[in-house]
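Student: I have a structure to read and some questions to ask. Can we go through it together?

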Amino acid sequence: MTTKSKTKNPILEAVHETASDLHRLGFIDKRKMRKFDGLCLAPIADYDSEKIRALRDHLRLSQSVLAAVLNTSLSTVRKWEVGDKHPSGPSLKLLSLLDRKGLEAVL
């Protein structure tokens, strides 16, 4: 929660930094800090079928290995790449993490 992330604008960045400091000092609890995270941090971009396939090719992973890394089923990854389904929740965040920091960040 107190990690540096890109924010929507400089004002929100300052608010988030102040809230992080207050959380670290014990003046803001974990629940309130999560609200600040949600309000201040930039949302995660959507991943369409082409972007997922490009990410998987870039990381040189098979569909089954990507499914194992994301803790999802092989059929789900196949449906994402065909365009029948779209990732959401934890899978979307893990895809974003893989895209930004690579496979080592998730393993």
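**Helices, core and salt bridges**

Tutor: Gladly. Keep in mind that this is a predicted model. We start with L25, which is found in helix α1, residues 10-25.

Student: Is L25 buried or exposed?

Tutor: Exposed means over 50% relative accessible area. L25 has a relative accessible area of 55%, so L25 is exposed.

Student: Which residues make a nonpolar surface patch with L25, and what is the area of the patch?

Tutor: The partners of L25 are L22 and F27. Together, L22, L25 and F27 make a nonpolar patch on the surface, and its area is about 330 Å².

Student: Next is helix α2. Which of its residues are buried, and within what arc do they fall?

Tutor: Helix α2 covers residues 30-40, and M33, D37 and C40 are buried there. Look down the axis of α2: the buried residues line one face of the helix, because they fall within an arc of 90°.

Student: What do the buried residues of α2 pack against, and which exposed residues are on the face turned away?

Tutor: The buried residues of α2 pack against α1. The face turned away from that buried side carries exposed residues. They are R31, R34, K35, G38 and L39.

Student: Where is the largest nonpolar core, and which element gives the most to it?

Tutor: Nonpolar side chains tend to be buried together in soluble globular proteins. The largest nonpolar core here has 15 residues, and those with the most contacts inside it include I52, L66 and W80. Two or more residues come from each of α3 (49-59), α4 (63-70), α5 (74-82) and α6 (89-101). With four residues, the element that gives the most is α4.

Student: Which residues does W80 touch, leaving out those up to four places away in sequence?

Tutor: W80 is one of the residues with the most contacts inside the core. Leaving out residues up to four places away in sequence, W80 touches S49, I52, L70, T72, K85, H86, P87, S91 and L95.

Student: Now the charged pairs. How many salt bridges does the structure hold?

Tutor: Side chains of opposite charge can pair when their charged atoms come close. The number of salt bridges in this structure is three.

Student: Which residue forms a salt bridge with R24, and how far apart are the closest N and O atoms?

Tutor: R24 counts as exposed at 59% relative accessibility. Its partner D21 counts as partly exposed, at 33%. Both lie in helix α1, three residues apart, about one turn of the helix. R24 pairs with D21, and the closest N and O atoms are 3.7 Å apart.

Student: Where do E81 and R53 lie, and how many residues apart are the parts they tie together?

Tutor: The side chains of E81 and R53 meet in a salt bridge, 3.5 Å from N to O. E81 lies in helix α5 and R53 in helix α3, so the pair ties together parts of the sequence that are 28 residues apart.

Student: What about E81 and R56: are they buried or exposed, and how far apart are their closest N and O atoms?

Tutor: Buried means under 20% relative accessible area. E81 is buried, with 4%. R56 is buried too, with 12%. In their salt bridge, the closest N and O atoms are 2.5 Å apart.

Student: Last one. Which residues are linked in a network of salt bridges?

Tutor: E81 meets R53 in one salt bridge. E81 also forms a salt bridge with R56. The linked residues are R53, R56 and E81.

Definitions and conventions. Residues are numbered from 1 along each chain as its sequence is written. This is a predicted model: local features need pLDDT of at least 70, side-chain atom pairs count only at pLDDT 80 or more; totals for chains, interfaces and linings use all residues. Side-chain values use heavy atoms; hydrogens and water are left out. Patches are made of residues with over 30% relative accessible area and no salt bridge: like charges are joined within 9 Å, nonpolar side chains (Val, Leu, Ile, Met, Phe, Trp, Tyr) within 5 Å. Accessible areas come from the Shrake-Rupley method with a 1.4 Å probe; for residues, only the protein chains shown count as cover. A salt bridge is a side-chain nitrogen of Lys or Arg within 4 Å of a carboxyl oxygen of Asp or Glu. Buried means under 20% relative accessible area, exposed over 50%, partly exposed in between (1.4 Å probe, protein chains only). The arc is that of the directions from the helix axis to the C-beta atoms. Contact means heavy atoms within 4.5 Å. A nonpolar core is a set of buried Ala, Val, Leu, Ile, Met, Phe, Trp, Tyr and Cys residues joined through side-chain atoms within 4.5 Å.
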